Amino acid sequence: MTSARLALAGVACGLIATLSAPTGAVQRGAPAPPKVLVVRDVTVIDGTGAAARPHQSIVVRDGQIAEIVAAGGEPAGGTIVDGAGRFAVPGLFDAHVHVTGGTREEAVDELKRALAGGVTSVWDLAGDGRMASELAREALVGEIEAPTIYYVALMAGPAFFSDPRVIGASRGFAPGEAPWAQAITPATDVARAVAIARGTGATSLKLYAALDGDTVRRIGDEARRQGVRIVAHATVFPAKPSDLVAAGVTMLAHAAYLVWEGSPSTPDFTKRANGDFAGVPADSPVIERVLEGMRDRNIALNPTLWIFAEGLPKDDLSALRTSWMYAVTKRAAALGVSIVAGTDRIIDAANDPLPLIHRELEQLATGAGLKPMQALQAATRNAARTLGVDAKVGTIEPGKAADILLLDANPLDDIKNTRKIRAVIKGGRAVPR
Ligand SMILES: [Zn+2]
């Protein structure tokens, strides 16, 4: 289209807009954020690890943080959010959710509640890639009230593809042949498989189960070549945690599965939560070596404490498993492994009106002994860094998206204060609550 025709189209649109509802792609979705928004006179906890800074004003332009100035130094005008006596933290990032297991309506409702409860970004770690892609688009253009959605494409050995969850997420395809849920064998053309996975719009791969060490290494090499990150269950049977570390994955999920480094693999990966927690203490040398490898190769740990401590049915191993995963997470953090918060669900509306990330933060602090600042960073900056989106989100700094949670009490005094939400700002716009 020529510039003259563009200009004419613009005039026509302007005329029509006064008479009827706006149409056309650029006007679709939620209202644009205010041109200028100022969170005035607030205590900023920016997520970088820096100490809290009282009496600051966060100046947001066109949805991005433009500057942070001493209160009183902000420009006049714009939309004002009164921050006096309150605390601004980065919007929360749940880096392990599953939202595509039910209907679209259920997913939209969960995402809306999660956003209203302070979650501004999520990383969906497996499900129906078609649905994840569509929800991500709807969130991006503002057709639904939702966090920013990133999602994975799953890979696993053929044995996994009898699992009813993956069959449900792949309807219309033979098991193992959906682009977002591929069966990988030693004979698979891995370069092609990774390219197919990328074609779903996934930002990363998820290695789930039933893969051997050599296959994991080939996937790791190819993913690096094609510039895509890998999340893996901390054991994928028969590949052990150390095989995944050697393959250079980006993040290991479920701290409890690290126990498999110290015992023989099981041929039945559905027993993955039943490791030998008594025989392989969390402080054994074999576990310590894995944690050191993670630190040295910059591999994050996504411990998912809440789901194991509170979300799963209790069994004979529950108490031992829970104390084991707390201990290994605590040790990982002490060694300098990046801890990334994730809930393995997103919300449990029947039991808690707020999204589960608040429960995970509490688990990280009271269970794994992280300081409130460390827990907060696990659910903000660390998640953004691990996914590779930290240039856009994860901290309150100039140039980042204005995804900000305004709290009535200081989360560094007590991490439970993340529940005391005054306002949620997403992309410079106050979210309706
Ligand atoms: Zn999961």
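Let's start at F237, which is buried, with a relative accessible area of 4%. Keep in mind as we go that this is a predicted model. F237 sits in the loop between β12 and α7, and its backbone is worth a look. Its phi is positive, about 50°, although F237 is not a glycine. On top of that, the peptide bond joining F237 to P238 is cis, with omega at about 0°. P238 belongs to the loop between β12 (229–233) and α7 (241–247). As background, most residues other than glycine have a negative phi, and most peptide bonds are trans. A positive phi turns up at A210 too: about 60°, and again the residue is not a glycine. You'll find A210 in the loop between β11 (204–207) and α6.

From there, follow the chain into α6 itself. Which helix does α6 (residues 213–226) cross at roughly 55°? That's α5 (residues 190–198), and the two axes come within 9 Å. An angle of that size lies between the roughly parallel and roughly perpendicular ranges, so α5 and α6 count as oblique to each other. Their crossing is right-handed. On the α5 side the contact is made by V190, A191, V194, A195 and R198, while α6 brings R218, I219, E222, A223, R225 and Q226. Sorted by class, that contact has six nonpolar residues, one polar and four charged.

Next, the metal. Which residues hold the zinc ion? Its protein donors are H96 and H98, each through NE2, and D344 through OD, at 2.0 to 2.1 Å from the ion. Along the chain these donors follow the spacing H-x1-H-x245-D. H98 is in the loop between β6 (92–97) and α2 (104–116), and D344 is in the loop between α10 (318–335) and α11 (357–367), so this pair ties together parts that are 246 residues apart in sequence. Is H98 buried or exposed? Something in between: its relative accessibility is 26%, so it counts as partly exposed.

The two loops at the zinc also lead us to more helices. Take α10, for a start. Its axis and that of α8 (residues 285–296) come within 10 Å and cross at roughly 45°, which makes α8 oblique to α10. The crossing is right-handed. I287, E288, L291, E292 and R295 of α8 make the contact with W324, V328, R331, A332 and L335 of α10. In this contact there are six nonpolar and four charged residues, and no polar ones.

Then there's α2, which packs with α3 (residues 129–141) at an angle of about 45°, the axes being 12 Å apart. α2 and α3 are therefore oblique to each other, and their crossing is right-handed. Here R104, A107, V108 and L111 in α2 meet M131, L135 and E138 in α3. The classes come to five nonpolar, no polar and two charged residues.

Our last stop is P147, in the loop between α3 and β8 (148–156). With a relative accessibility of 0%, P147 counts as buried. What does P147 touch, leaving aside residues up to four places away in sequence? The list is L111, A114, L115, V119, T120, S121, V122, A139 and K426. With S121, the C-alpha atoms are separated by 4.6 Å, although S121 and P147 are 26 residues apart along the chain.

How values were computed:
Residues numbered from 1 in each chain as written. Predicted model: local features only at pLDDT ≥ 70, side-chain atom pairs only at ≥ 80, totals over all residues. Heavy atoms only, no water. Donors = N, O, S within 2.8 Å, 3.2 Å for Na, K, Ca; no water. Helix = DSSP H or I, 4+ residues; strand = E, 2+ residues; numbered from the N terminus. Buried < 20%, exposed > 50% of the residue type's maximum accessible area, 1.4 Å probe, protein only. Axes fitted to C-alpha atoms, helices over the stretch in contact; angles between N-to-C directions. Parallel < 35°, antiparallel > 145°, perpendicular 65-115°, else oblique. Left-handed = near helix turned anticlockwise from the far one by under 90°. Contact = heavy atoms within 4.5 Å. Nonpolar A, V, L, I, M, F, W, Y, C, P; charged D, E, K, R; others polar.
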